[in-house]
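Work through these exercises with the model in view. Try each task before you read its solution.

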Amino acid sequence: MTPTQSPSPARRTRGPTEERILEALDVDGMVEAARELVRIPSVSGEETPAQEFVASLMQAHGMDVDRWVIPMEEVGAHPAYGAEVLRRDPLGVVGTWAGSGGGRDLILNGHVDVVPPGDASLWHHPPFSGLVRDGRLHGRGALDLKGPLVAGIFALDAIRRAGVTLAGTVHLMSVVGEEDGGMGTLAAILRGYRAHGAVVLEPTELAVAPAQAGCLSFRIRVAGRAAHGAVREEGVSALEKLIPVYRALQSLESERNRRLSGDPLFGRYSIPFPVSVGTVRGGDWASSVPDRVTIEGRMGLAPGEDPEAARREMETAVAATAGQDPWFREHPPGVEWWGGRFLAARTDPDDPLVRTLHGAASDVLGREVAVEGMPYGADMGILSQVAGIPTVLFGAGDIRRAHRPDESVSVDELADMARVLALATLRFCRPSA
Ligand SMILES: [Zn+2]
């Protein structure tokens, strides 16, 4: 299935049970709960109050809640573990709605951690306001990912309120640590949660995304030699030495994207797997020659790519550049791998989960919904690569509005997302006989 192929064979008209479920969606309750959750600040590492809130929300909506302190020794020792902040006694929360048996099981997954709001003066409303204005829910996490997480809870609630029980079991994972590497989802997997399919509720503008790019975080330290700026030729500027290293990264990006592009799921991006430098630090005095510059960035990974091989590509590219400069022979720029990383992942677009979700989305929205890959990393990598579960990303809103001031999400789109999830869950897990 490609974004241009239509109509989907999975598309069909809605039956009376499905209509009942769509009508049963409690939109007001959903918006109120999402507002409350946005008002609980939960910047990475400080997620416990938000997790407690979600656990009680799930309980109030008829789910059995598993709430546990994540064993960090075990989770931290797993090869897929990645995190940038230290957590003391982080909480795992999974709400389960047990099926009667005989259907397919489904995981819905969303995170409560949010990135810091940054400079609050750049926001038009306070970052944790949870304000609803002009049809949009505002605040850090409204879009990424508290609104969508709550939409998942209310999607299941709609099925329950319509008096329908499911044959398959649904697990709703509320996780910590997504933004810095996915340790919360890894913890839920290590606790034993499995299903026939998983939907990660990340922003896709309601497209069905059976693929995501991955990424690795890197750091490169370039050395120079300090001198008074008045006699700068007696020193070696680390900034000047950085320039060829940076050019090498740009060439690496071009070469990789030429080689790795071609998957139609990533067809709309000219650089689907960027090498991007996010921080530059160096020097300590305006009139000194800087004796060190450190850059940090992320390297995008293609689905199916071996992260170890990708690491070696960058190390080789940097070493080759360094080999051309006698200074670097004595002071080689080192590449370090650190912090958050996301596994790339791809699910067959013909997998029953993808087809079911695509059919439900097209039915609810009344248009042919796109099927395409997402250029950002999320917890899909862990569910797909570590647990082997066919996984898709699906959610309201545009990722471009996340991680910046004035984050917000359309309330109507959240409601549509909940309707799609309700229908897709019913069709995937099947109603109880
Ligand atoms: Zn997210």
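A residue is buried if 20 or more other C-beta atoms lie within 10 Å of its own, exposed if 12 or fewer, and partly exposed in between; C-beta atoms are placed from the backbone. Residues are numbered from 1 along each chain as its sequence is written. The model is predicted: local features need pLDDT of at least 70, side-chain atom pairs count only at pLDDT 80 or more, and totals for chains, interfaces and linings use all residues.

**Exercise 1. Classify R430, D406 and Q324 as buried, partly exposed or exposed.**

Solution.
- Start with R430, in the segment after α12. R430 has 16 other C-beta atoms within 10 Å, so R430 is partly exposed.
- Next, find D406 in the loop between β14 (391-393) and β15. D406 has 15 other C-beta atoms within 10 Å, so D406 is partly exposed.
- Then take Q324, in the loop between α8 (307-322) and α9 (326-330). Q324 has 10 C-beta neighbours inside 10 Å, so Q324 counts as exposed.
- Now widen the view: buried residues make up 50% of the 433 residues in the chain.

**Exercise 2. Describe the backbone at R430, at D406 and between D144 and L145.**

Solution.
- Recall the background: most residues other than glycine have a negative phi, and most peptide bonds are trans.
- Check R430: its phi is positive, about 70 degrees, and R430 is not a glycine.
- Check D406: its phi is positive too, about 60 degrees, and D406 is not a glycine.
- Turn to the bond that joins D144 and L145: it is cis, with omega about 10 degrees.
- Place L145: it sits in helix α5 (residues 142-161). Helices (H or I, at least four residues) and strands (E, at least two) are DSSP runs, numbered from the N terminus.

**Exercise 3. Draw the open sheet of three strands and add the helices that pack on it.**

Solution.
- Recall that strands of a sheet pair through backbone hydrogen bonds, either parallel or antiparallel. Here two strands pair if DSSP finds at least two bridges between them.
- Write the order β4-β5-β15, with antiparallel pairing.
- Mark the edges: β4 (132-133) and β15 (408-410) each pair on one side only.
- Join β4 to β5 (residues 136-138) by two bridges. R133 has R136 in β5 as its bridge partner.
- Add helix α2 (residues 27-38), which touches β4 and β5 and makes about 20 degrees with the direction of β5.
- Add helix α12 (residues 411-429), which touches β4, β5 and β15 and makes about 65 degrees with the direction of β15.
- Note how the angles are taken: axes are lines fitted to C-alpha atoms, for helices over the stretch in contact, and angles run from 0 to 180 degrees between N-to-C directions. Contact needs C-beta atoms, placed from the backbone, within 7 Å.

**Exercise 4. Split the chain into domains and judge how compact the chain is.**

Solution.
- Domain 1 is 16-212 + 344-429, and domain 2 is 214-342. These bounds come from an automatic or database domain assignment.
- The domain centres, taken over C-alpha atoms, are 34 Å apart. The contact takes 16 residues from domain 1 and 17 residues from domain 2.
- Count the elements: the chain has twelve helices and 15 strands.
- Compare the radius of gyration (taken over C-alpha atoms) with the globule rule, 2.2 Å times the number of residues to the power 0.38. The chain has 23 Å, close to the 22 Å that the rule gives for 433 residues, so the chain is as compact as a globular protein of that length.

Key: Contact = placed C-beta atoms within 7 Å.
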